[in-house]
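Student: Could you show me how to read a helical fold, step by step? I would like the general idea and then the case at hand.

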Amino acid sequence: MTSKPAVAPLLTPARQQSDLAGQFSSFIMMVRKEFTVMTRYPVEFVASFGQIFFIVAIFTLAGLTFNPAGMTSGGGSTGTLTIYGFVIFLFLSDTLWNIGFRVRQEQVQGTLEQLYLSPANKFLSILSRVTTILIWTSLLSVTGVFFMTTLIGQVTVHNPLLGIYVLLIALLGMFGVGFAFAAVTLRLKETANTLINLIQFAFMILTANFFPFSALPEPALFVSRLIPISYAVDAFRSALMGFPPGYPELAPFEVELVIITIFGIVMPVIGFYLYRAAENYARRRGSLSEY
Amino acid sequence: MTIHAIQVRLSVVLASARMRIINLTRYPGQMLSDLIVPIVVASLPILLGRATAGENASAIFAANTGTGNYVGYMLIGSSVYSIVSYAFWHIAYWLRWEMETGTLEALYLTPTNRFWVAAGTALYSMIRSVVTGLIAYILGSYILGSNPFQGELLLALLFILVGLLPVYGLTLLFGALVLKLKEASALINLMQWGVSFLMGLFFPITVFPPLLKAIAMAFPPTWMTNGARSALLGVGYFFQEWYFDVGVLTFFALLAPLLGYVVFNRVESNVRRHEGVGQF
């Protein structure tokens with residue numbers, strides 16, 4: 001009696017991809033693709049560090065124009081406040097463009113439609129960019145702090161673990177903002193470019209990355225208090241500066257920590273659902289490849 | 001060159017500029033962005049200064065820069081920066097833009113000299129950047145609490161207009177670099193911040209060490225910025241009198257466009273012979 005050879009159940013590509021191992025494999029390949037693209041543009045990689053140097057130098061010298069001891073003496077606390085706000089701004093800006101607007105780049109390159117025809121998880125494509133942001137922008141942030149230290153002397157660092165926690169949880173929230181902007185990009189297409197530009201500059205003022213919140217007029221401060229990222233900026237630099245008198249400025253630190261934590265948990269979920277809704281809308285209308 | 005030939009070239013320039021302006025009007029958000037960006041960029045150090053120096057901000061700023069009007073100082077810097085920045089983006093990115101819009105091949109097949117098409121782009125860029133820079137300066141002054149009409153306005157405008165020619169000459173040099181290295185966006189992004197650093201966007205270049213100061217002084221936007229600030233705020237011309245500074249800018253205006261044209265043509269011919277201009 002011969003036994004029938006076991007026949008493996010028919011696995012369609014879609015079913016193969018639906019299991020976790022397959023999705024993880026897809027995610028790794030997407031991350032690898034992002035890094036491969038990054039390494040193909042060495043000039044951009046080096047130029048980004050040059051940009052950081054110039055930005056830090058410009059704002060350091062700008063701050064020194066208001067230094068009563070003159071422009072050639074150090075600008076300690078001002079420089080420290082600026083650089084920590086700048087770190088948050090770097091991550092926010094990279095999130096808006098590299099997650100929010102990259103969908104548009106996929107459309108222009110003509111690869112978005114192919115991505116949607118493949119059985120791979122589409123959301124993982126956006127998530128893969130989180131990895132490159134974490135690594136590349138972290139490098140740029142560290143470089144920025146190094147340049148600031150070189151220019152003004154020592155940058156104060158207190159409560160590093162608390163600062164890292166605030167940064168990481170705020171990053172989660174910012175990634176959620178990025179996902180939401182990816183949804184906006186799918187709907188608005190090229191107009192999203194201008195919108196993200198305007199929002200980036202609005203955030204620059206309202207989240208007070210480069211100056212204390214006390215500099216803002218009351219109406220602007222009211223709007224700032226409505227933006228969770230403002231509390232992230234305030235808490236991050238207050239913690240790392242060792243809570244000098246008057247800091248944090250918006251609310252007690254414990255309150256800010258709660259706000260940022262809720263932001264970090266809830267915003268990615270909201271961003272994900274917004275992206276899914278925009279994606280389904282585009283697929284129903286057949287506008288994924290339109291640009 | 002006959003009058004007819006001049007008319008033909010002029011019509012190409014005007015047609016190219018008109019096309020870009022019509023394209024711009026289809027994106028009103030971009031025009032709004034042009035107005036907002038200089039104001040927002042200038043407001044960053046202004047708000048920082050007000051918060052850190054308080055009521056003494058004007059006095060401290062005057063001791064460090066020669067004028068207590070820090071709002072006007074920063075706004076002039078950011079407005080001139082936006083003019084210079086747009087010049088670099090529009091010209092250095094010109095071929096890349098032609099490729100993205102699918103008109104590069106047609107451009108190279110047409111019997112019209114590409115130089116005049118680029119000149120039309122430069123004209124469009126000048127109009128867009130000078131108009132939005134002026135409006136941003138006036139609007140920003142009112143928003144941030146300064147009088148935009150103090151000082152010698154016409155003299156400041158003279159510095160800006162004379163300075164435009166060497167700036168656009170420099171953009172041709174930079175455009176040659178972009179053609180060769182290909183990574184247009186990365187280089188232009190780096191250039192923007194390098195330019196703003198060298199021209200003293202928010203600070204006087206007198207704080208630079210000697211070598212860096214010499215490099216900054218060889219850079220036409222530095223003279224534009226300082227000339228406009230001196231005319232409007234009285235911070236002091238580099239050579240004490242305005243006509244000496246205008247003379248230096250005029251020298252740059254004669255030298256830079258010629259140099260840029262020669263270098264750009266040479267690099268473009270070289271690139272066309274080898275890898276082609278369509279690759280980015």
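Tutor: We go from the overall fold to a helix pair, then to backbone details and two residues that touch chain B. Keep in mind that this is a predicted model.

Student: How many helices and strands does the secondary structure of chain A come to?

Tutor: Start with the element list. Chain A has twelve helices and zero strands. From the N terminus on, the order is α-α-α-α-α-α-α-α-α-α-α-α.

Student: What share of the residues in chain A is buried?

Tutor: Here the cut-off is under 20% relative accessible area. Of the 291 residues in chain A, 53% are buried. Now take the surface. Chain A exposes about 13,600 Å², and carbon and sulfur atoms supply 68% of that area.

Student: What do contacts in chain A say about sequence separation?

Tutor: Take contacts between residues at least 6 apart in sequence. In chain A, 79% of these join residues at least 24 apart.

Student: Now a helix pair. At what angle do α7 and α8 of chain A pack?

Tutor: Read angle and axis distance together. Helix α7 (residues 122-152) and helix α8 (residues 160-188) of chain A pack at about 135°, with their axes 11 Å apart. Roughly antiparallel would need an angle over 145 degrees. The two helices, α7(A) and α8(A), are therefore oblique to each other. The crossing of α7(A) past α8(A) is right-handed.

Student: Which residues of α7(A) and α8(A) meet?

Tutor: From α7(A) come A:F123, A:I126, A:L127, A:V130, A:I133 and A:L134. They meet A:L171, A:F175, A:F179 and A:A182 of α8(A). By class, the residues of this contact are ten nonpolar, no polar and no charged.

Student: Next, the backbone. Which peptide bond is cis, and what is its omega?

Tutor: The general idea comes first. Most residues other than glycine have a negative phi, and most peptide bonds are trans. In this model, a cis peptide bond joins A:Y247 and A:P248, with omega about -5°. A:P248 sits in the loop between α11 (228-240) and α12 (253-285) of chain A.

Student: What is the phi of A:A208, and of A:F243?

Tutor: Both are positive. A:A208 is not a glycine, yet its phi is about 45°. A:F243 is not a glycine either, and its phi is about 50°.

Student: Where does each lie, and is it buried or partly exposed?

Tutor: A:A208 lies in the loop between α9 (191-206) and α10 (218-224) of chain A. A:A208 has a relative accessible area of 0%, so it is buried. A:F243 is in the loop between α11 and α12 of chain A. A:F243 has 31% relative accessibility, so it counts as partly exposed.

Student: Last, chain B. What does A:T78 contact beyond its sequence neighbours?

Tutor: Place the residue, then list its partners. A:T78 lies in helix α4 (residues 76-100) of chain A. At 19% relative accessibility, A:T78 counts as buried. Leaving aside neighbours within four places in sequence, A:T78 is in contact with B:L48 and B:T52. Compare its position with the helix pair. A:T78 and A:I126 are 48 residues apart along the chain, and their C-alpha atoms are separated by 36 Å.

Student: Which residues does A:Q51 touch?

Tutor: A:Q51 is in helix α3 (residues 42-64) of chain A. With a relative accessible area of 18%, A:Q51 is buried. Not counting residues up to four places away in sequence, A:Q51 touches B:N189, B:L190 and B:W193.

Note on methods
Residues numbered from 1 in each chain as written. Chains lettered and ligands numbered in written order. Predicted model: local features only at pLDDT ≥ 70, side-chain atom pairs only at ≥ 80, totals over all residues. Heavy atoms only, no water. Axes fitted to C-alpha atoms, helices over the stretch in contact; angles between N-to-C directions. Helix = DSSP H or I, 4+ residues; strand = E, 2+ residues; numbered from the N terminus. Parallel < 35°, antiparallel > 145°, perpendicular 65-115°, else oblique. Left-handed = near helix turned anticlockwise from the far one by under 90°. Contact = heavy atoms within 4.5 Å. Nonpolar A, V, L, I, M, F, W, Y, C, P; charged D, E, K, R; others polar. Buried < 20%, exposed > 50% of the residue type's maximum accessible area, 1.4 Å probe, protein only. Areas by Shrake-Rupley, 256 points an atom, 1.4 Å probe, with all protein chains shown as cover.
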